[in-house]
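Q: I would like to learn how to read a model like this one, feature by feature. Where do we begin?

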Amino acid sequence: MSPHMTLELTAACNFRCPYCYCVWHEYPALAKGELSTDGWQAVLDKCAADGVNDILFTGGEPLLRRDLFAILDHARRVMPEAELSLFTNASRLTEPLIKKFRRRRVRLATSLQGLATYGAMTGTRRSYRRLLCVLARAAELKWPMAVSLTVTRANLAEACDMFVAAALSGAKTIQVGPMMVGGRATRRLDLMISSKEWADVKAAIRALPDAHVPYMFCDEFVCTCRPDLPPELVERWGDREGKPCPAGKAFGVIGPNGIYRTCLHTLPTSSADEKENVVFTSCFSCFQKNL
Ligand code: SF4
């Protein structure tokens, strides 16, 4: 097992982001039969035994799990010095919860999906304002959150404003990337920007006054693990090879039902039948078998 693991605690989510790359939107079998509390605790025992020292808890939306803190507390018990972090859409994040995460030294990360486009980009009627308030409160509590921004054709015009809003609201770090092929996004390729538009976004952000918030760009449009790259996208980006993907070497992923896979965004298979009933070969191990 890689020392860096992502645990997708649930496939449930109260948002419907059109760019959501969660793999179960393409491979429904990966969302069936979520692990119980005991199941995740067994996964964490295995992580601890294998020397994992960095875990990102995500989903779906992990705050929808009622047993979230039972899982996190177990993680802290068996891995007292590990880096633990949690990625949430922050819709349910409150001040008492931020304090609970801080007490357990669980770092927090979220995404700002848009400003005027926030509702459209989350598939909800919500406004970005609450998210910015949460970011500001977390910073005041000395537990600032990392923020990621996904640039799409819908929010392209406000990408710089999103960056500034996150920075001024107290983001700890900001990660900016273009919408990638994967999950639900495979049905919304119209929302993906071109490599030229992406280069322009990066130049515009670099030209902003320094907000003294560390930031990084993710240049991946298509995960190199993906075997079925849509030809029209090759043309749009002119980048057939992409960047070498560290999946499986630098990190591993355990999905909601305990299936281990190497890549966050896809599986090395593409036929329609396989997508419906993922055939797990020896490269996938299933924690459920051993529970
Ligand atoms: S991107 Fe995150 S918040 Fe949006 S639908 Fe997917 S899991 Fe939910």
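**Reading the sheet, the core and the ligand shell**

A: Begin at one end of the sheet: strand β8 (residues 252-254) pairs with β9 in the antiparallel sense, over two bridges. Within that pairing, V253 has R261 of β9 as its bridge partner. Keep in mind that this is a predicted model.

Q: What is the strand order of the open sheet, and what kind of pairing does it have?

A: The order is β7-β6-β5-β4-β3-β2-β1-β8-β9, nine strands in an open sheet with mixed pairing. The edge strands are β7 and β9 (260-261), and each of them pairs on one side only. In total the protein chain has nine helices and nine strands.

Q: How many bridges join β3 to β4, and do the two strands run parallel or antiparallel?

A: Strand β3 (residues 83-87) and strand β4 (residues 106-111) run parallel and are joined by four bridges. Between them the chain passes through helix α3 (residues 95-103), and this β-α-β crossover is right-handed. One bridge to locate is that of S85, whose partner in β4 is R107.

Q: Which residues help me follow the sheet from β4 to β5 and on to β6?

A: Use S148 as the link. S111 has S148 as its bridge partner in β5, and S148 in turn stands opposite Q175 in β6. T110 stands opposite V147 in β5. Three bridges join β4 to strand β5 (residues 146-151), in parallel, while β5 and β6 pair in the parallel sense over five bridges. Here too there is a right-handed β-α-β unit, made by β5, α6 and β6.

Q: What should I expect of the side chains along a strand?

A: In a regular strand, side chains alternate between the two faces of the sheet. For a case to inspect, take V151, which is in strand β5.

Q: Is V151 buried or exposed, and why?

A: V151 is buried, because 26 other C-beta atoms lie within 10 Å and the cut-off for burial is 20 or more. Setting aside residues up to four places away in sequence, V151 touches L156, A159, V176, P178, M179, I193 and V201. The last of these is a useful long-range pair: V151 and V201 are 50 residues apart in sequence, with 8.6 Å from C-alpha to C-alpha.

Q: What is the general idea behind a nonpolar core?

A: In soluble globular proteins, nonpolar side chains tend to be buried together. In this structure the largest nonpolar core has 75 residues, and L135, L149 and A166 touch the most other members. Leaving out neighbours within four places in sequence, A166 is in contact with L112, L135, V147, L149, A171 and I174.

Q: Which residues of helix α6 are buried, and what do they pack against?

A: Helix α6 (residues 159-168) has A159, M162, F163, A165, A166 and A167 buried. The buried residues of α6 pack against α5 (128-140), β5, β6 (174-178) and α7. After α6 comes G170, with a positive phi near 100°.

Q: What is the usual backbone geometry, against which I can pick out exceptions?

A: Most residues other than glycine have a negative phi, and most peptide bonds are trans. Two non-glycine residues to check here are R105 and H212: phi is near 55° for R105 and near 60° for H212. R105 lies in the loop between α3 and β4, and H212 in the loop between α7 (195-206) and β7 (215-217). R105 counts as partly exposed because it has 15 C-beta neighbours inside 10 Å. H212 is exposed, with 6 other C-beta atoms within 10 Å.

Q: Where is the cis peptide bond?

A: The bond from G59 to G60 is cis, with omega near 10°. G60 is placed in the loop between β2 (54-58) and α2 (68-78).

Q: Which residues are around the ligand, and how do they divide by class?

A: The residues around the ligand are C13, F15, R16, C17, C20, C22, G59, G60, E61 and N89. By class, this shell has five nonpolar, three polar and two charged residues. Both glycines of the cis bond are in that list.

Key
Residues are numbered from 1 along each chain as its sequence is written. This is a predicted model: local features need pLDDT of at least 70, side-chain atom pairs count only at pLDDT 80 or more; totals for chains, interfaces and linings use all residues. Two strands pair if DSSP finds at least two bridges between them. A crossover is right-handed if, with the strands pointing away from the viewer, the path from the first strand over the helix to the second runs clockwise. A residue is buried if 20 or more other C-beta atoms lie within 10 Å of its own, exposed if 12 or fewer, and partly exposed in between; C-beta atoms are placed from the backbone. A residue is near a molecule or strand if its C-beta atom, placed from the backbone, lies within 6 Å of it. Ala, Val, Leu, Ile, Met, Phe, Trp, Tyr, Cys and Pro count as nonpolar, Asp, Glu, Lys and Arg as charged, and the others, Gly among them, as polar. Two residues are in contact if their C-beta atoms, placed from the backbone, lie within 7 Å. A nonpolar core is a set of buried Ala, Val, Leu, Ile, Met, Phe, Trp, Tyr and Cys residues joined through C-beta atoms within 7 Å.
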